[in-house]
Amino acid sequence: MLLELDDNLIFFKEDTIRTIDLRRQGKDVETLPFLIYSWTFDKELNLKNILQLKPWILKKILNKAIEGYLTITNINDKQLELFIKSTFISDKIIFTGFKEKEIEHLKQCLIAKNNIFDHRGNIINYPEAGGYLDQNAKYMYFLNIYRKVLIGKINEENNKRR
């Protein structure tokens, strides 16, 4: 993600498991070094220099970073489960009943799920580099529900064979 300020740019990423956890603890400021990964200011990128930015800039970064996570988590769980089940049934994915912003984030999540699970529904890879806490919170929320549906589908297929 990108925030343009006059002659400078701030590059930051969406919220991760770690930043969501820090936010829940009320430590919004501590999330910023985990979100901002680059900028074009002449200063070194560290917490001290991040805190020298104007408060409205910090607020804008925090709001934009959590946007995708809030969009996905605000979708009704049952509706999301049914949508995921429909992706197993049909080759064509139908986004009926979702808002445009939700569709955009769902498409990103569907791409992220590729090569994540083994044949039993275990997570064998993460969608992004790093450990669990460094994963995109939006993806991990979606993948948790996807895994639940996938395991149900695997169990259903196994029961048909018996």
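**Salt bridges and a helix crossing**

Arg-23 turns out to be buried, with a relative accessible area of just 16%, where anything under 20% counts as buried. The model is a predicted one, and in it the side chain of Arg-23 pairs up with that of Asp-15 in a salt bridge, N to O at 3.0 Å. Asp-15 is buried too, with a relative accessible area of 1%. So this salt bridge joins a residue at 16% to a residue at 1%, and both fall under the 20% cut-off for buried.

A salt bridge also links Arg-18 and Asp-134, and here the closest N and O atoms sit 2.9 Å apart. Arg-18 belongs to helix α1 (residues 17-24), whereas Asp-134 is found in the loop between α6 (100-112) and α7 (137-161), so the pair ties together parts of the chain that are 116 residues apart in sequence. As for exposure, Arg-18 is partly exposed, at a relative accessible area of 24%. Asp-134 is likewise partly exposed, with 27% relative accessibility.

Helix α4 (residues 55-73) brings in a pair of its own. Glu-67 and Lys-64 are three residues apart in this helix, which means that about one helical turn separates them. Their side chains form a salt bridge, with 3.6 Å between the closest N and O atoms. Glu-67 counts as partly exposed at 25% relative accessibility, and Lys-64 counts as partly exposed at 38%. The story doesn't stop with this pair: salt bridges that share partners join Lys-64, Glu-67 and Lys-101 into one network. Across the model, the salt bridges come to eight, and those described here are among them.

Helix α4 also packs against another helix. Its partner is α2 (residues 28-35), and the two pack at an angle of about 75°, with 11 Å between their axes. That angle makes α2 roughly perpendicular to α4, since 65 to 115 degrees is the range that counts as such. On the α2 side, the residues that meet α4 are Asp-28, Thr-31, Leu-32 and Leu-35. Facing them from α4 are Leu-58, Ile-61, Leu-62 and Ala-65. Sorted by class, the contact of α2 with α4 comprises six nonpolar residues, one polar residue and one charged residue. Thr-31 is the polar one and Asp-28 the charged one, because Asp counts as charged and Thr falls among the others.

Notes: Residues are numbered from 1 along each chain as its sequence is written. This is a predicted model: local features need pLDDT of at least 70, side-chain atom pairs count only at pLDDT 80 or more; totals for chains, interfaces and linings use all residues. Side-chain values use heavy atoms; hydrogens and water are left out. A salt bridge is a side-chain nitrogen of Lys or Arg within 4 Å of a carboxyl oxygen of Asp or Glu. Buried means under 20% relative accessible area, exposed over 50%, partly exposed in between (1.4 Å probe, protein chains only). Helices (H or I, at least four residues) and strands (E, at least two) are DSSP runs, numbered from the N terminus. Axes are lines fitted to C-alpha atoms, for helices over the stretch in contact, and angles run from 0 to 180 degrees between N-to-C directions. Angles under 35 degrees count as roughly parallel, over 145 as roughly antiparallel, 65 to 115 as roughly perpendicular and the rest as oblique. Contact means heavy atoms within 4.5 Å.
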